[in-house]
Amino acid sequence: MMLKQYFLIFLIKFLWTYGGGSQPVRESLKVQRVEFQSFNLQSILHWLPGSAFTHNNTVYFVQYKMYGQKEWTNKEECWGIYEIFCDLTNETSDVEEPYYGRVKATSAHIHTPWSMTKRFSPWLETKIGPPSISVIQSGRSIQLILQAPNSPYKDRKGRNKSLKDYYDLIYRVFIINNSQDMKRKLYEGTNEKIEMDIKPGANYCVAAEMYLFELNRSSESTEICTFKIQRNGMYI
């Protein structure tokens, strides 16, 4: 196994030195598919090893910068790491600004060129999760309480800021009657508390999502099933 590894190292060095750093060799060494993946404004840089390198014996170095800056900044926590991801949430906290990330690798004393992301804008590109739904019974009606997801960023009191602080959110709530195989929109608006009447004995599901007005797109949706109002008014 060691002989095979040493031969691979020798072959890479030979091709790099005597092959003039040809384009096929360079591409086989470079880190591949460097991209940001962002959910609820938590932005993680991901990448894959070059095809000539193995994951176990390769270390990676990460830098980032805001669009328009000349100098790159080292991400100290991701400098010489074995993982193929790096959390850049704090470094991209000005979420309406665009950023770049880049990664290089070292293995067997061979250093690759930098591999850079496309321009990344957290506010525009992050995927938004669904709102949470709580249910409170009041007689033969129920109250739905919606709550937007939190961001990873904190306010002055140390509490996580809601995504409402970053987007104009419109809630959309749908009611699904399982017994009649029917779905209809119950509500669309900015209120987080919604009253709805339910027929006794019927089974229901409620689905909710958020519409991001500025971006003209919807969040993921969440659904709760089933709750039932019995004829004696009890909620189960």
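**Exercise 1. Which residues is M196 in contact with, leaving aside its neighbours within four places in sequence?**

Solution. Set the ground rules. This is a predicted model, in which local features need pLDDT of at least 70, side-chain atom pairs count only at pLDDT 80 or more, and totals for chains, interfaces and linings use all residues. Residues are numbered from 1 along each chain as its sequence is written, and side-chain values use heavy atoms, with hydrogens and water left out.

Step 1. Fix the criterion: contact means heavy atoms within 4.5 Å.
Step 2. Drop the neighbours within four places in sequence; M196 then contacts S141, I142, L144, I175, L186 and V206.

**Exercise 2. Place M196 in its nonpolar core and name the contributing elements.**

Solution. Step 1. Define the set. A nonpolar core joins buried Ala, Val, Leu, Ile, Met, Phe, Trp, Tyr and Cys residues through side-chain atoms within 4.5 Å. Buried means under 20% relative accessible area, exposed over 50%, partly exposed in between (1.4 Å probe, protein chains only).
Step 2. Take the largest core: it holds 27 residues. L41, L144, L146, Y166, Y167, V173 and M196 have the most contacts inside it.
Step 3. Assign elements. Helices (H or I, at least four residues) and strands (E, at least two) are DSSP runs, numbered from the N terminus. Two or more core residues come from each of β10 (141–147), β13 (169–177), β15 (193–197) and β16 (203–212). β16 gives the most, with five residues.
Step 4. Look for another core. A second, separate one has 15 residues, including W47, Y60, I81 and A105.
Background: in soluble globular proteins, nonpolar side chains tend to be buried together.

**Exercise 3. Work out the order and pairing of the sheet that contains β9, β10 and β15.**

Solution. Step 1. Two strands pair if DSSP finds at least two bridges between them.
Step 2. The three strands form an open sheet, ordered β9-β10-β15, with antiparallel pairing.
Step 3. Its edge strands, β9 (132–138) and β15, each pair on one side only.
Step 4. On average, neighbouring strands here are turned by 25 degrees against each other, direction ignored. For such angles, axes are lines fitted to C-alpha atoms, for helices over the stretch in contact, and angles run from 0 to 180 degrees between N-to-C directions.
Step 5. Check the register: β9 and β10 pair over seven bridges, and I136 has Q143 in β10 as its bridge partner.

**Exercise 4. Do the same for the sheet of β1, β2 and β5.**

Solution. Step 1. The order is β1-β2-β5, in an open sheet with antiparallel pairing.
Step 2. β1 (32–39) and β5 (85–87) are the edge strands.
Step 3. Neighbouring strands are turned by 20 degrees on average, direction ignored.
Step 4. Six bridges join β1 to β2 (residues 42–48). Q37 has I44 in β2 as its bridge partner.

**Exercise 5. Is S219 buried or exposed, and what does S219 touch?**

Solution. Step 1. Locate S219: the loop between β17 (217–218) and β18 (222–228).
Step 2. S219 is buried, because its relative accessible area is 8%.
Step 3. Skip residues up to four places away in sequence; S219 touches I128, G129, P130, P131, E209, M210 and L212.
Step 4. Take P131. Its C-alpha atom is separated by 8.5 Å from that of S219, with their positions 88 residues apart along the chain.

**Exercise 6. Which residue in the hairpin of β11 and β12 takes a positive phi?**

Solution. Step 1. β11 (residues 150–154) and β12 (residues 160–162) pair in the antiparallel sense over two bridges. N150 has S162 in β12 as its bridge partner.
Step 2. Five residues lie between the strands, and G158 takes a positive phi near 85 degrees.
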